Amino acid sequence: MLDTGIKVLFEGNNITRLLDGLWVTTRIALISVILSVFFGTIIGIGWSSRFRIIHVFARFYLEIMRIMPILVLLFLFYFGLTRIAHINLNAEMASIIVFTLWGTAEMSDLVRGALTSLPKHQKESGLALGLKSFDIYFYILVPQAIRRLLPATINLTTRIIKSTSLVVLIGVVELLKVGQQIIETASLLRNQTAAFWVYAVIFLLYFIICYPISQLSFHLEKKWQS
Amino acid sequence: MTLFLSVSNQMDLINEGTILIGMDYLFFAKYAPLYYEGALLALNIAAISVILSIMVGLCCACIHYYKVPLLKPSVSIYIELSRNTPLLVQLFFLYFGLPKMGIRFESESCAIIALTFLGGSYMSEAFRSGLESIGKLQLESGLSIGLNKIQLMRYVVLPQAFAIALPAIGANIIFLIKETSMLSVVALEDPMFVAKDLIGMNSDTKEALLLLVVTYIVMILPLSLILTFIEKKVRHAGYGH
């Protein structure tokens, strides 16, 4: 029973199909991470400034993104936008937008946290030394903020990668969907335990992707903490 | 399901005259109870999983804290496995993969097991950060005034650790409630399932999605506000010592 089931992985090009599916998920995640780091940094810097209106707006945006489950956001953008605004997005585009919106919210909170947690005397010492405000940002504040920011940003990346598994529910053909297709074919060929092996492999694939990234974040955090 | 369909057909006939500003208000009255029931189911499962995952988390954190031989490496493996894989994949594996090997679960127990598997590791990390934040000075002072190990834990370590871990525990609770939105894949009728069903049956996509959003706001916003409040209180207490 065991050896017949596991064969499904090596039949035809099943392994490469699964890896292609994995690439679809990670592609969505990568594009969203890059976009969210970009937009999140802008909003985060704005948020750490003194403009009240940006505070209110950013806080409101963050709270909405924190309250709504990502699946709900995916449904809103995939099914809702089509109905309400008559914008037809394909599922992959919709998921990139949703993950970018969510990632931007989380990233802006991280950037704000990193910037506001820097002690005030850092900036004041810089001023006392006669540095220009650009130099203070470039040589004093930004390097320290990046040290605080990078581990958390890498952590956010793994969260986005894990969440991209949800896109199967709005119909993107990614890892889980490919897995289901393989299982369906296998069950036509009377391979009963295929589902177990395919889902176990998918589980491991996600682990293989996320584990090194989260370890990297953990080590950077430890290294820079002192 | 057939009953459902016949109801929706009648609704379509009634709907003709009741559409205002593009929204169908009868829809809300008709289907809000379904969302309510879905929300109750989701909260129920979330509550059970939260309690179980707090227990699992506490055990794992203590094993880690006391460096219990043999158990500590297995706890580490568990935590890494559950933190680095998505809940959806865990659910698929439990619900569709394991039955093929003869291990079968009901939908609900499947959901609770998956949420506990995920939540346990998050809770464990929260408790661990709390336990590790208690300085050596505290422990040594406790020992030097003659407390034994259990008293030390009960009166010195746990109260402080709990206060420090509380915001993280709260965040995890909200996280777990949000994660219940995936329970529809194991055929549980949570709000997401209801919305998907209604979108599939009618053309009232807007209304179905609006009710879905409202349901989640009602489920999570109060909790989120309470937790922000508690977090402020705890941080205030932290300044005291």
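**Close-up views of a predicted two-chain model**

**View 1. A partly exposed isoleucine and the nonpolar patch around A:Ile42.** A:Ile42 counts as partly exposed because its relative accessibility is 48%. The structure shown is a predicted model. Within chain A, A:Ile42 belongs to helix α2, which covers residues 14–48. Together with A:Ile31, A:Leu35, A:Phe38 and A:Phe39, A:Ile42 makes a nonpolar patch on the surface, with an area of about 440 Å².

**View 2. The salt bridge between A:Arg27 and A:Glu92.** In this pair, the closest N and O atoms of A:Arg27 and A:Glu92 are 3.0 Å apart. A:Arg27 lies in helix α2 of chain A and A:Glu92 in helix α5 (residues 91–116) of chain A, so the salt bridge ties together parts that are 65 residues apart in sequence. A:Arg27 has a relative accessibility of 27% and therefore counts as partly exposed. A:Glu92 is likewise partly exposed, its relative accessible area being 22%.

**View 3. The salt bridge between A:Asp109 and A:Arg66.** The closest N and O atoms of A:Asp109 and A:Arg66 are 2.9 Å apart in this salt bridge. Distant parts of the chain are linked by the pair: A:Asp109 is in helix α5 of chain A, and A:Arg66, 43 residues away, is in helix α3 (residues 52–67) of chain A. A:Asp109 is buried because its relative accessible area is 16%, under the 20% limit for that class. A:Arg66, with a relative accessible area of 29%, is partly exposed.

**View 4. The salt bridge between B:Glu132 and B:Arg128, and a network in chain A.** B:Glu132 and B:Arg128 form a salt bridge whose closest N and O atoms are 3.8 Å apart. Both residues are in helix α5 (residues 107–132) of chain B, and because they are four residues apart there, about one helical turn separates them. B:Arg128 is buried, with a relative accessible area of 17%. In chain A, salt bridges that share partners join A:Arg66, A:Glu106, A:Asp109, A:Arg112 and A:Arg159 into one network. Over all chains, a search of the whole structure finds eight salt bridges.

**View 5. The fold of chain B.** Chain B contains nine helices and two strands. Along the sequence, these elements follow the pattern α-β-β-α-α-α-α-α-α-α-α. Chain B has 241 residues, of which 44% count as buried. Where contacts in chain B join residues at least 6 apart in sequence, 76% of them are between residues at least 24 apart. The exposed area of chain B is about 12,500 Å², and 69% of this area comes from carbon and sulfur atoms.

**View 6. The interface between chain B and chain A.** Contacts across the interface involve 35 residues of chain B and 38 residues of chain A. The two chains bury about 3,400 Å² between them, with 79% of this area on carbon and sulfur atoms. Between chain B and chain A there are zero salt bridges, whereas four residue pairs are in polar contact. On the side of chain B that touches chain A, at least two residues each come from α3 (71–83), α4 (87–97), α8 (191–201) and α9 (205–240). Helix α9 of chain B gives the most to this side, with ten residues.

Terms used. Residues are numbered from 1 along each chain as its sequence is written. Chains are lettered from A and ligands numbered from 1 in the order in which they are written. This is a predicted model: local features need pLDDT of at least 70, side-chain atom pairs count only at pLDDT 80 or more; totals for chains, interfaces and linings use all residues. Side-chain values use heavy atoms; hydrogens and water are left out. Patches are made of residues with over 30% relative accessible area and no salt bridge: like charges are joined within 9 Å, nonpolar side chains (Val, Leu, Ile, Met, Phe, Trp, Tyr) within 5 Å. Accessible areas come from the Shrake-Rupley method with a 1.4 Å probe; for residues, only the protein chains shown count as cover. A salt bridge is a side-chain nitrogen of Lys or Arg within 4 Å of a carboxyl oxygen of Asp or Glu. Buried means under 20% relative accessible area, exposed over 50%, partly exposed in between (1.4 Å probe, protein chains only). Contact means heavy atoms within 4.5 Å. Buried area is the accessible area (1.4 Å probe) that two parts lose on being put together, summed over both. A polar contact is a pair of N or O atoms within 3.5 Å; within protein, one must be able to donate a hydrogen and the other to accept it, and residues adjacent in sequence count only if both atoms are side-chain atoms.
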